[in-house]
Amino acid sequence: MDTMDDLLIVTTGGTIDKIYFDAKSDYQVGDPQIGRILSALGVAFRFHVIPLLRKDSLFIDGSDRELMRATIAAQAERCVLVTHGTDSMVETAKVLRTIPDKTIVLTGALNPARFEGSDAEFNIGCAVGAVQSLPPGAYIAMNGRIWDPAKVRKNVEANRFEAAG
Ligand SMILES: NC(=O)C[C@H](N)C(=O)O
């Protein structure tokens, strides 16, 4: 196993970072939450956060994915965690797996990290474990499992990831 002294984190938005405004029945994608969560946990590795995008992943397009690919490829770290909305996480993972020599794990949350009972911290924990244990490639950490992007889909009705293909 490679030692993970330095972790690159790229944040792209998604529900994990959302703030809801009940009175307006509206939301904004707020500040990335992952740095705050990892600092509060006292993790024993260095991390560097690049806040790249603040989008619901339904609105992430090909040029956003190219920006993610180029940004990650240009960094020195071999272990990379990407926070991303769940709706198009699989599509992005399929683009990011073309980056050689890096282990890239995408995760997000079905409920905002700012909400009590959110799956955000659990998912980040799974992703941190996976990113320092797996060989180079791109993976998805959701619902307590590590998925090959070619073999998973989000079941939108059930609001969970499940095996596919
Ligand atoms: N849970 C989520 O992140 C869903 C959201 N629509 C997104 O894909 O950004």
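## Asp-64 in helix α2

In this predicted model, Asp-64 sits in helix α2. Asp-64 counts as buried, because its relative accessibility of 9% falls under the 20% limit. Its side chain is joined to that of Lys-55 by a polar contact of 2.7 Å.

Apart from neighbours within four places in sequence, Asp-64 is in contact with Leu-53, Lys-55 and Phe-59. Lys-55 therefore appears both in this contact list and as the partner in the polar contact, a pair being in contact when heavy atoms lie within 4.5 Å.

## The largest nonpolar core

Helix α2, spanning 62-73, is also one of the elements that each supply at least two residues to the largest nonpolar core. The others are β1 (6-13), β4 (46-55), β5 (79-83), α3 (89-96), β6 (103-107) and β7 (137-142). The largest contribution comes from α3, with four residues. In total this core holds 23 residues. Those with the most contacts inside it are Ile-72, Val-82, Leu-96, Ile-104, Leu-106, Ile-140 and Phe-161. In soluble globular proteins, nonpolar side chains tend to be buried together.

Ile-104 illustrates the contacts made by one of these residues. Leaving out neighbours within four places in sequence, Ile-104 is in contact with Ile-72, Val-80, Val-82, Leu-96, Ile-99, Gly-137, Ala-138 and Tyr-139. Among these partners, Ile-72, Val-82 and Leu-96 are themselves listed with the most contacts inside the core.

## The second core and Ala-141

A second, separate core contains 21 residues, including Ile-16, Leu-81, Ile-124 and Ala-141. Ala-141 belongs to strand β7. With a relative accessibility of 0%, Ala-141 counts as buried.

Two members of this second core, Ala-141 and Ile-124, are 17 residues apart along the chain, and their C-alpha atoms are separated by 8.0 Å. Not counting residues up to four places away in sequence, Ala-141 touches Val-105, Leu-106, Thr-107, Asn-123, Cys-126, Ala-127 and Ile-146. One of these, Leu-106, is a residue of the largest core.

## The ligand site

The shell around the ligand consists of Gly-14, Thr-15, Lys-18, Asp-56, Ser-57, Gly-85, Thr-86, Asp-87, Ala-109 and Leu-110. By residue class, the shell has two nonpolar, five polar and three charged members.

Two aspartates approach nitrogen atoms of the ligand through their side chains: an N or O atom of the Asp-56 side chain is 2.9 Å from a ligand nitrogen, and a polar side-chain atom of Asp-87 lies 2.6 Å from a ligand nitrogen. Thr-15 contributes through its backbone, where an N or O atom lies 3.1 Å from an oxygen atom of the ligand. On its own the ligand exposes 270 Å², and the protein buries 93% of that area.

## Thr-86

Thr-86, one of the residues around the ligand, lies in the loop between β5 and α3. Thr-86 is buried, since its relative accessible area of 7% is under 20%. A polar contact of 2.9 Å links the side chain of Thr-86 to that of Lys-154.

Setting aside neighbours within four places in sequence, Thr-86 is in contact with Ser-57, Ala-109, Leu-110, Met-142, Lys-154 and Phe-161. Of these, Ser-57, Ala-109 and Leu-110 are also among the residues around the ligand, while Phe-161 is listed in the largest core.

## Gln-33

Gln-33 is located in the loop between β3 (26-29) and α1 (34-41). Gln-33 is buried, with a relative accessible area of 6%. A polar atom of its side chain is 2.9 Å from the backbone oxygen of Asp-31.

Excluding neighbours within four places in sequence, Gln-33 is in contact with Ile-16, Asp-17, Ala-113 and Arg-114. Ile-16 is included in the second core. Gln-33 and Lys-18 are 15 residues apart in sequence, and their C-alpha atoms are 9.4 Å apart in space; Lys-18 is part of the shell around the ligand.

## Positive phi outside glycine

Asp-101 is not a glycine, yet has a positive phi of about 60 degrees. Asp-101 occurs in the loop between α3 and β6, and its relative accessibility of 52% counts as exposed.

Asn-143, also not a glycine, has a positive phi of about 55 degrees. The loop between β7 and β8 (145-147) holds Asn-143, which is partly exposed, with a relative accessible area of 28%.

Note on methods:
Residues are numbered from 1 along each chain as its sequence is written. This is a predicted model: local features need pLDDT of at least 70, side-chain atom pairs count only at pLDDT 80 or more; totals for chains, interfaces and linings use all residues. Side-chain values use heavy atoms; hydrogens and water are left out. A nonpolar core is a set of buried Ala, Val, Leu, Ile, Met, Phe, Trp, Tyr and Cys residues joined through side-chain atoms within 4.5 Å. Buried means under 20% relative accessible area, exposed over 50%, partly exposed in between (1.4 Å probe, protein chains only). A residue is near a molecule or strand if one of its heavy atoms lies within 4 Å of it. A polar contact is a pair of N or O atoms within 3.5 Å; within protein, one must be able to donate a hydrogen and the other to accept it, and residues adjacent in sequence count only if both atoms are side-chain atoms. Accessible areas come from the Shrake-Rupley method with a 1.4 Å probe; for residues, only the protein chains shown count as cover. Ala, Val, Leu, Ile, Met, Phe, Trp, Tyr, Cys and Pro count as nonpolar, Asp, Glu, Lys and Arg as charged, and the others, Gly among them, as polar.
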